Amino acid sequence: MKLADRMQYYRLPGVSIAFFDHGQIVWSQSYGVADKQTGRPVTPETLFQAGSISKPIASLGALTLVESGRLKLDENVNDELTSLPENEFTADQKVTLRRILSHNGGVSVHGFAGYELTQPVPSVVQILDGAKPANSPPVRVEAVPGSVWSYSGGGIMIMQLMMMEATGKSFPALMHDLVLSPIGMSHSTYEEPLPLSLRSDAAHGYGPNGDPVPGGFHVYPEMAAAGLWATPSDLALAAIEVQNEYAGTSHKVLSQALAKEMLTHQKDNWGLGFELEKPGATPRFDHFGVNDGFVSVVEAYRDKGQGIVIMTNGQQGEKLITEILRAVAHEYAWPDFQPAQRALIKLDPASLKNLVGTYDQTDPDGQDKLTITIRNGHPYIAGSYSVGTTYHFTISEPVELLPETQQQYFTLLTGDTSFRFEKTDQGTVERCIVVSGANQREARKINH
């Protein structure tokens, strides 16, 4: 398949990629346009919103402050702040920076929607309190700290305030001095909104159908959680630095001891800021980033020195990113991201009618619904769904469901995700279980 054809299929205007190996960026490529209205092309210097990749880069800054003694990794964050109300969940266990960085602090608020350029922007304290003009709920402790893994952008905002109060600096200035400048990330900034002087180098974001984000992009005052603007090459330099610090061959940001702590499993498959490999797999650290109109990923092998950064300015970027990762994994013989091989079975066409209908995941926004139809004797699926607590997907155009068993199906579009249809004792399909790895979510049939 040609990349240009796949970009068109996913309505993705632009893609930028940097591949690195043993401390060097081996190649970088850019494709498509940064702005559909002007036709301005994507270049290796084009800035993209990094989304949640902001978190592990910000984590480097927080750990630098731990190393200098200005922050504590394992003490109650309320020893430094009074912004997180204590409650019954914090009676015995406390929210700590270590737990925030590994998403097991029991803290609420998964992510943030951002603000249009014309909208008022809240302060960090207003974001934490859920006070106007913040468009997100208050950040609170909702589970016993340390008891469960639950992804929390709200926790990262607590970290942002801690870093600012510990240094007396603005977050963009702090991150420039602690991380971006030492690593050489000269095309990156946490400044929000993006300064006018940099906007001519910035990509505009586009929705799942290719519609432009109003104003080009949203503003994210939640800087540590979602506010980083960067290029793939700059993020590659950050990943290379983490690899080198882990190996003890560099100390631009962290000591080897703290870099090893960062890439040690803390809770489930998470280190301090990065997601890590599953037990028994080749050591790897990564993070996805999704902002309105932008999707990106950084993938890096801890010991072999290889990795890749892919940034897109379209909401369906994750689907193309998955395809690019498969191609790169094939080319460089990576142990991960290889195409899955599945055996198909033949179905009785009469049994397919039982699948037809709309299935609802009952998400808070009421948006996660899947619709199954039959075309020319084959089942097709379209709609939106979530897997676990982290990833949300949209299948904008119906795609064929391919049968592995009489009950379980997959598509060529959705990677390792399977759709398992379960029946009542009377033989009627009543729900669809969306399965991806260890994660699964139920969607109940609401009409036929």
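# Salt bridges, cores and a buried helix

Biologist: Is R444 buried, partly exposed or exposed, and what is its relative accessible area?
Modeller: Buried means under 20% relative accessible area, exposed over 50%, and partly exposed in between (1.4 Å probe, protein chains only). R444 therefore counts as partly exposed, its relative accessible area being 40%.

Biologist: Where do the values come from, and how are residues numbered?
Modeller: This is a predicted model, in which local features need pLDDT of at least 70 and side-chain atom pairs count only at pLDDT 80 or more, while totals for chains, interfaces and linings use all residues. Side-chain values use heavy atoms, with hydrogens and water left out, and residues are numbered along each chain as its sequence is written, from 1.

Biologist: Which residue forms a salt bridge with R444, and which residues make up the network?
Modeller: A salt bridge is a side-chain nitrogen of Lys or Arg within 4 Å of a carboxyl oxygen of Asp or Glu. The side chain of R444 meets that of E442 at 2.8 Å, N to O, and E442 is partly exposed at 29%. The network of salt bridges links R420, E422, E430, R431, E442 and R444.

Biologist: Which salt bridge links distant parts of the chain?
Modeller: One partner lies in the loop between α10 (317–332) and α11 (349–352), the other in strand β7 (residues 284–291), 52 residues apart; helices (H or I, at least four residues) and strands (E, at least two) are DSSP runs, numbered from the N terminus. Both residues are buried. With the closest N and O atoms 3.2 Å apart, the pair is D336 and R284.

Biologist: How many salt bridges does a search of the whole structure find?
Modeller: One of them joins E86 and K94 (3.7 Å, N to O). E86 is partly exposed at 40%, and K94 is partly exposed at 28%. The search of the whole structure finds 17.

Biologist: Which residues touch the most other members of the largest nonpolar core?
Modeller: A nonpolar core is a set of buried Ala, Val, Leu, Ile, Met, Phe, Trp, Tyr and Cys residues joined through side-chain atoms within 4.5 Å. The largest one has 79 residues, and those touching the most other members are I57, I158, M159 and L235.

Biologist: How many residues of α2 are buried?
Modeller: Helix α2 covers residues 54–67, and its end C-alpha atoms are 20 Å apart, which agrees with the 20 Å expected for 14 residues at 1.5 Å a residue. The expected span is 1.5 Å times one less than the number of residues. The helix is largely enclosed by the rest of the structure, because the buried residues number 13 of the 14.
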